[in-house]
Amino acid sequence: MLEEFKKFALKGNVVDLAIGVIIGAAFGKIVDSLVGDVIMPFIGALGGVDFSNYFIGLNKAVTSPILVEAKKQGAVFAYGSFVTVAINFLIIAFVLFLVVRGINRLQRTKAAEPAPPAPPAEDIVLLAEIRDLLKKQSA
């Protein structure tokens, strides 16, 4: 069983998948930083809005206007966090769209260059010559 697992784990597809997951996680951190540290502050500065602190207290004990403190006081409906996550998702999806679009363009330019046709094999050339000679003789 150990030998079978070793064969499975060392197959190219499994190793490629593992590398993809690790690179994806690192890329996710980069995109999260781009959204959270670069884009969202500009959105907040332009609109003067911080969605993450929008909430509704679900009982009378919640009196704090700050979400972290309000959660300590009781149950809250933190819809601002959802709005922030939804905006982050849209920005991340757009960035990934641009990345995939760029990769597709690179692949199209590589595929657009036609490869020179391979010369026919010697036996095919010889058979074509024989065919042409037989046509001449029968005509």
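The following exchange introduces the predicted model of this protein.

Biologist: In what order do the helices and strands of the protein run from the N terminus on?

Modeller: The secondary structure of this predicted model comes to five helices and two strands. Read from the N terminus on, these elements follow the order α-α-β-α-β-α-α.

Biologist: What is the radius of gyration of the protein?

Modeller: For 139 residues, the globule rule gives 14 Å, and the value for the protein is well over that. The protein is therefore more spread out than a compact globule, with a radius of gyration of 31 Å.

Biologist: What box do the C-alpha atoms of the protein fill?

Modeller: The box is taken along the principal axes of the protein. Its dimensions are roughly 105 × 50 × 25 Å.

Biologist: What percentage of the residues count as buried?

Modeller: A residue is buried when its relative accessible area is under 20%. Among the 139 residues of the protein, the share that meets this description is 11%.

Biologist: How much of the accessible surface belongs to carbon and sulfur atoms?

Modeller: The accessible surface of the protein comes to about 11,600 Å². Of this area, the part that belongs to carbon and sulfur atoms is 70%.

Biologist: Which residues make the nonpolar surface patch of about 490 Å²?

Modeller: One of the residues in this patch is I56, which lies in strand β1, residues 56-57. I56 has a relative accessible area of 45%, so this residue is partly exposed. The residues that make the patch are Y54, I56, L58, F77 and Y79.

Biologist: Is T63 buried or exposed?

Modeller: T63 lies in the loop between β1 and α3, the latter spanning residues 67-73. Exposed means a relative accessible area over 50%. T63 has 61% relative accessibility, and therefore counts as exposed.

Biologist: What distance separates the C-alpha atoms of T63 and E3?

Modeller: Along the chain, T63 and E3 are 60 residues apart. In the model, the separation of their C-alpha atoms is 62 Å.

Biologist: Which residue forms a salt bridge with R131?

Modeller: Side chains of opposite charge can pair when their charged atoms come close. The structure holds one salt bridge, and its closest N and O atoms are 3.3 Å apart. R131 is partly exposed at 46% relative accessible area. The partner of R131 in this salt bridge is D132.

Biologist: What is the relative accessible area of D132?

Modeller: Values from 20% to 50% count as partly exposed. D132 falls in this class, because its relative accessible area is 36%.

How values were computed. Residues are numbered from 1 along each chain as its sequence is written. This is a predicted model: local features need pLDDT of at least 70, side-chain atom pairs count only at pLDDT 80 or more; totals for chains, interfaces and linings use all residues. Side-chain values use heavy atoms; hydrogens and water are left out. Patches are made of residues with over 30% relative accessible area and no salt bridge: like charges are joined within 9 Å, nonpolar side chains (Val, Leu, Ile, Met, Phe, Trp, Tyr) within 5 Å. Accessible areas come from the Shrake-Rupley method with a 1.4 Å probe; for residues, only the protein chains shown count as cover. A salt bridge is a side-chain nitrogen of Lys or Arg within 4 Å of a carboxyl oxygen of Asp or Glu. Helices (H or I, at least four residues) and strands (E, at least two) are DSSP runs, numbered from the N terminus. Buried means under 20% relative accessible area, exposed over 50%, partly exposed in between (1.4 Å probe, protein chains only). The radius of gyration is taken over C-alpha atoms; the globule rule is 2.2 Å times the number of residues to the power 0.38.
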